[in-house]
Amino acid sequence: MSSEGASYRDGVRASLPIAATVWFFGVSFGLLARTSGLGAVAPLVMSATTFAGSAQFAAASILGTSSGAAAAITAAVLLNGRYVPISISVARLFHGHRLRRLAEAQLIVDESWALSSRGDGRYDRGLLLGAGIVLYAAWVTGTGVGVVFGRALGDPKALGLDGAFPALFLALLIPQLATPRARLAALLGGAIALTLIPFTPAGVPIVAASTACLLGLRGRS
Amino acid sequence: MTVWPVVLVVGVATVIFKASGPVLLGRSPLPAPLAGVVVLLGPVLLAALVVTQTVGGDGRIVLDARLAGVGAAALTIAARAPLPAVVLVAAAATALVRLLT
């Protein structure tokens, strides 16, 4: 796996276009968190420790309403539940002491994970960690800029940022649809998520959609 | 002060989620049936994220300007444009449709 693997530098290079986008998302998170009453320090600490955009957006927007801490925690934890299967999929790339594995694993994020996929169920360590460190830096610095200068940017919704998120994920999805089975599984997962949106709290549709992966138990594609 | 408990609990939970595979499984190869399942995780989770972020609302399906953004992104991807262009077009289309409606 290491002989043909990409270097960290390859991961850094591959991640730069995504990092620019993630930086802007970080700015808009900082702005949203500030206007939701999270203060200046808490959003930065959250970006540095949680490092998962969708869950942080959900938590900040719920804290901005009257729903309270329990609802914010539930939504964010459910949204990040997908990192359990995601981290299992790349478990083999990590070695060394447990603490080192724990620290390096924090660089797993949707975008670095998608970039590191080779499409055959294998993942590349150089791409995952090289991209992860760049995206981490972009996310945290973007958050800082958003917290301090966000107001100058105006309303993230008026800038269409909420339409840019799913567009980024769509762009990451397309290269992973190489086989008929992958396309079928993606269709099924999307349908499960769509069906559950009206009936379950945020996060559940995504976790439930992962059952579509069980298609992979049926023979070889 | 409800902010810090949220930051703490969500942070600790996410650190544990992300570390669960690398810390608990280590380098042992996945059993063959599980490997077939894991291959599909990328397409499935990314598809679910596209769906929930395009039409997901507060416990209901919301059809709004985001649809235009994702539609425009799909066309931009089909034209083999680079990623920053895809995201910019999506944001612009979303903002434009929101402005007009």
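A helix, as the word is used here, is a DSSP run of H or I that is at least four residues long, whereas a strand is a run of E with at least two residues, and both are numbered from the N terminus. With that in mind, chain B can be described as having five helices and zero strands, so that reading along its sequence gives the pattern α-α-α-α-α. The structure is a predicted model, and its overall scores are an ipTM of 0.91 and a pTM of 0.86.

We can stay with chain B for a while and ask how its helices are spread in space. The radius of gyration of chain B is 19 Å, which is well over the 13 Å that the globule rule gives for 101 residues, and therefore chain B is more spread out than a compact globule. Its C-alpha trace spans about 55 × 45 × 25 Å along the principal axes. The domain assignment divides chain B into domain 1, residues 1-34, and domain 2, residues 40-101, and the C-alpha centres of these two domains of chain B are separated by 28 Å. Among the contacts in chain B between residues at least 6 apart in sequence, 33% join residues at least 24 apart, and buried residues make up 49% of the 101 residues of this chain.

The predictor's confidence in chain B can be read from its mean pLDDT of 91, with 99% of the residues reaching 70 or more. Among the elements of chain B, helix 2 has the lowest mean pLDDT, at 81, while helix 4 has the highest, at 97.

Chain A, in turn, has eleven helices and zero strands. For its 221 residues a compact globule would have a radius of gyration near 17 Å, and the 18 Å of chain A agrees with this. The C-alpha atoms of chain A fill a box of roughly 50 × 40 × 35 Å along the principal axes, and 55% of the residues in chain A are buried. Of the contacts in chain A with a separation of 6 or more, 72% are between residues 24 or more positions apart.

Chain A also has two assigned domains, domain 1 covering 8-159 and domain 2 covering 177-221, whose C-alpha centres lie 23 Å apart. Nine residues of domain 1 of chain A are in contact with eight residues of domain 2 of chain A. On the domain 1 side, the largest share, four residues, comes from helix 4 (residues 69-80) of chain A, and by class this side has five nonpolar, three polar and one charged residues.

How, then, do the two chains meet? Their contact takes 87 residues from chain A and 68 residues from chain B. On the side of chain B, helix 1 (3-25), helix 2 (32-39), helix 3 (41-55), helix 4 (65-78) and helix 5 (83-100) each give two or more residues, with helix 1 of chain B giving the most, 19 residues. The residues on this side of chain B divide into 48 nonpolar, 15 polar and five charged.

A last view is offered by the largest nonpolar core, which has 108 residues, and in which A:Ala59, A:Leu128, A:Ala167, B:Val44, B:Ala73 and B:Ala90 touch the most other members. Helix 1 (residues 8-35) of chain A gives the most to this core, with twelve residues. To see one of these places in detail, the reader may look at A:Ala167, which touches B:Gly69, B:Val70, B:Ala73, B:Val86, B:Val87 and B:Ala90, not counting residues up to four places away in sequence.

Key. Residues are numbered from 1 along each chain as its sequence is written. Chains are lettered from A and ligands numbered from 1 in the order in which they are written. This is a predicted model: local features need pLDDT of at least 70, side-chain atom pairs count only at pLDDT 80 or more; totals for chains, interfaces and linings use all residues. Domain bounds come from an automatic or database domain assignment. Two residues are in contact if their C-beta atoms, placed from the backbone, lie within 7 Å. Ala, Val, Leu, Ile, Met, Phe, Trp, Tyr, Cys and Pro count as nonpolar, Asp, Glu, Lys and Arg as charged, and the others, Gly among them, as polar. The radius of gyration is taken over C-alpha atoms; the globule rule is 2.2 Å times the number of residues to the power 0.38. A residue is buried if 20 or more other C-beta atoms lie within 10 Å of its own, exposed if 12 or fewer, and partly exposed in between; C-beta atoms are placed from the backbone. pLDDT is the predictor's confidence in each residue, from 0 to 100. A nonpolar core is a set of buried Ala, Val, Leu, Ile, Met, Phe, Trp, Tyr and Cys residues joined through C-beta atoms within 7 Å.
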